[in-house]
Each structure stands twice: as C-alpha cells, then as structure tokens.
Amino acid sequence: MADQNRKAIVAAICEQESDEDMGFTVDAMKRPLEALGYEIIGELSVLKIFDKAKVKHDEQVMNKAQLLGKDL
C-alpha cells in the first residue's frame, strides 16, 4: 500500500485531563497506518469528555475536526 498517496487523520477522545494522561493512544493509532504507507496529515486529541456524544457540543473541537476533514 506504500507510495499510493494515502492520507489519514488520527483522532482520540478521552476522559483524561492532559495529553500525558492519554499516554500513547495517538501513537498507537498512527504507527500501523504509517507502516501501511499512510501519511498522517493531522491529529485531534479531545480531552475531558465524560458524557456520551458531548464532544459534538464543543464548537472549537468540531471546527478543528471540520478543518482536518477539509485537509484530508
């Protein structure tokens, strides 16, 4: 699959309050994609989301997700 101009965005939503608390979640999602030849063109880490579907009410996160989607 390498050299096929494949691109990806990695997004993680969690209850933790800092990137440190999230640990290696984003890296763990990126590595297999990169091994398959994908270029990771963006990342989105969303912190402090405790309730189901609450992220859709965070305007800043939704705007960033939309911009990443356009980049993709």
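Biologist: At the start of α3, which backbone nitrogen does a side-chain oxygen of Asp-58 reach?

Modeller: That of Gln-60, to within 3.2 Å. Bear in mind that this is a predicted model.

Biologist: What span should helix α3 have, and what do its end C-alpha atoms show?

Modeller: Use 1.5 Å a residue. The expected span takes one less than the number of residues. Helix α3 covers residues 59-71, 13 in all, so it should span 18 Å. Its end C-alpha atoms are 18 Å apart, which agrees.

Biologist: Now the interior. Which residues make up the largest nonpolar core?

Modeller: The general idea comes first. In soluble globular proteins, nonpolar side chains tend to be buried together. Here the largest such core has seven residues: Ala-8, Val-10, Ala-12, Cys-14, Met-22, Val-26 and Ile-40. Strand β1, residues 7-13, contributes three, the most of any element. There is also a second, separate core of six residues, including Leu-44, Ile-49, Val-55 and Val-61.

Biologist: What does Ala-12 touch beyond four places in sequence?

Modeller: Met-22, Thr-25, Val-26, Met-29, Leu-44, Ser-45 and Val-46.

Biologist: Take Ser-45. Where does it sit, and is Ser-45 buried, partly exposed or exposed?

Modeller: Ser-45 lies in strand β2, residues 39-46. Buried means under 20% relative accessible area, and exposed means over 50%. Ser-45 has 32%, so it is partly exposed.

Biologist: Which residues is Ser-45 in contact with, leaving aside neighbours within four places?

Modeller: Ala-12, Asp-19, Met-22 and Val-26. Look at Val-26: it is 19 residues from Ser-45 in sequence, yet their C-alpha atoms are 7.8 Å apart in space.

Note on methods: Residues numbered from 1 in each chain as written. Predicted model: local features only at pLDDT ≥ 70, side-chain atom pairs only at ≥ 80, totals over all residues. Heavy atoms only, no water. Core = buried A, V, L, I, M, F, W, Y, C linked by side-chain atoms within 4.5 Å. Buried < 20%, exposed > 50% of the residue type's maximum accessible area, 1.4 Å probe, protein only. Helix = DSSP H or I, 4+ residues; strand = E, 2+ residues; numbered from the N terminus. Contact = heavy atoms within 4.5 Å. Polar contact = N/O pair within 3.5 Å; in protein donor to acceptor, adjacent residues only side chain to side chain.
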